[in-house]
Amino acid sequence: MIDPLTQFVAFTTIIATAVMAASASIQGVRHSLDLFGASLIGVATAVGGGTLRDLLLGRTPVFWINDLSYLGTAVPVAVVMYFIATSLPSGNGRRLRLLMQLDAIGLALFTLVGVRVALEVQTHAVIAVVIGCITGIVGGIIRDVLCNVTPSVLKEDLYATISLIGGAIYVVVAPLIGETVSFALCFVLMLVARLLLIRRFISSEG
């Protein structure tokens, strides 16, 4: 019988995969890529962080090779979001706002999934937090680099910091209040922190 926590982590990874694929597809539209280009970047972004995580932890074949549901999620989401983003008017910041909001969700989800996976293979808590951060930020780095954009982690001091702090809080509180509650709590904390920063960024740009 599959452990409920394992099922929860797998489901969360699917959601994070979809969110990051969508954000990358929007970025592709913003930089005038065609459907194939935007979809390709969407897939690379969706699985990039988890791929590096698995390689660092020696978990091979990596997660999306063992389970096709991740590619089966990333590809159609990227395609659908391409057409949605194309239909949005350009020049008013709506695409950028949506991209950043989706990225905030993906950052929080993938960070926590990365920490949880690292803990499952008995890594030290500090390493688990670092692995969580890597899982959370690498997809966005791949997305921005492929679109010739400076990654957020290199120009926003609190991008990776939020990931590290959120992962650290999870490691500390999970043994005290339970895995699922800790996951939800830390997700909300990271998401709210990121959305507040995004709001401030958009206000300053406006």
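Which residues is threonine 17 in contact with, leaving aside its neighbours within four places in sequence?

**Figure 1. Surroundings of threonine 17 in helix α1 of the predicted model.** Threonine 17 belongs to helix α1, which spans residues 4-30, and, once its neighbours within four places in sequence are left aside, this residue is in contact with Ala46, Tyr70, Ala74 and Phe110. Its relative accessibility is 0%, and because buried means under 20%, threonine 17 counts as buried.

**Figure 2. The protein chain as a whole, shown as context for the close-ups.** The protein chain has nine helices and zero strands, so that, read along the sequence, the pattern is α-α-α-α-α-α-α-α-α. A compact globule of 206 residues would have a radius of gyration near 17 Å, and the 16 Å found for the protein chain agrees with this. Taken along the principal axes, the box filled by the C-alpha atoms is roughly 45 × 35 × 25 Å. Of the 206 residues, 48% count as buried, while the exposed area comes to about 9800 Å², with 68% of it supplied by carbon and sulfur atoms. Among contacts between residues at least 6 apart in sequence, 74% join residues at least 24 apart.

**Figure 3. Salt bridges of arginine 143 with aspartate 103 and with aspartate 144.** The side chains of aspartate 103 and arginine 143 meet in a salt bridge at 2.9 Å, N to O. This pair links distant parts of the chain, with aspartate 103 placed in helix α5 (residues 94-120) and arginine 143 in helix α6, 40 residues apart. Arginine 143 also meets the side chain of aspartate 144 in a salt bridge, at 3.0 Å, N to O. Aspartate 103 and arginine 143 are both buried, and aspartate 144 is buried as well.

**Figure 4. Surroundings of aspartate 144 in helix α6.** Aspartate 144 lies in the helix formed by residues 125-146 and, at 2% relative accessibility, counts as buried. Apart from its neighbours within four places in sequence, this residue is in contact with Gln27, Val149, Thr150, Pro151 and Ser152. Isoleucine 41 is 103 residues away from aspartate 144 in sequence, yet their C-alpha atoms are 9.3 Å apart in space.

**Figure 5. A network of salt bridges linking Arg53, Asp54 and Arg59.** Within this network, the side chains of arginine 53 and aspartate 54 meet in a salt bridge at 2.9 Å, N to O, and both of these residues are buried. The count of salt bridges comes to six. As for charge overall, the protein chain has 12 positive and 11 negative side chains, and the centres of the two sets lie 9 Å apart.

How values were computed. Residues numbered from 1 in each chain as written. Predicted model: local features only at pLDDT ≥ 70, side-chain atom pairs only at ≥ 80, totals over all residues. Heavy atoms only, no water. Helix = DSSP H or I, 4+ residues; strand = E, 2+ residues; numbered from the N terminus. Rg over C-alpha atoms; globule rule 2.2 N^0.38 Å. Buried < 20%, exposed > 50% of the residue type's maximum accessible area, 1.4 Å probe, protein only. Contact = heavy atoms within 4.5 Å. Areas by Shrake-Rupley, 256 points an atom, 1.4 Å probe, with all protein chains shown as cover. Lys, Arg positive; Asp, Glu negative; His and termini not counted. Charge placed at Lys NZ, Arg CZ, Asp CG, Glu CD. Salt bridge = Lys/Arg side-chain N within 4 Å of Asp/Glu carboxyl O.
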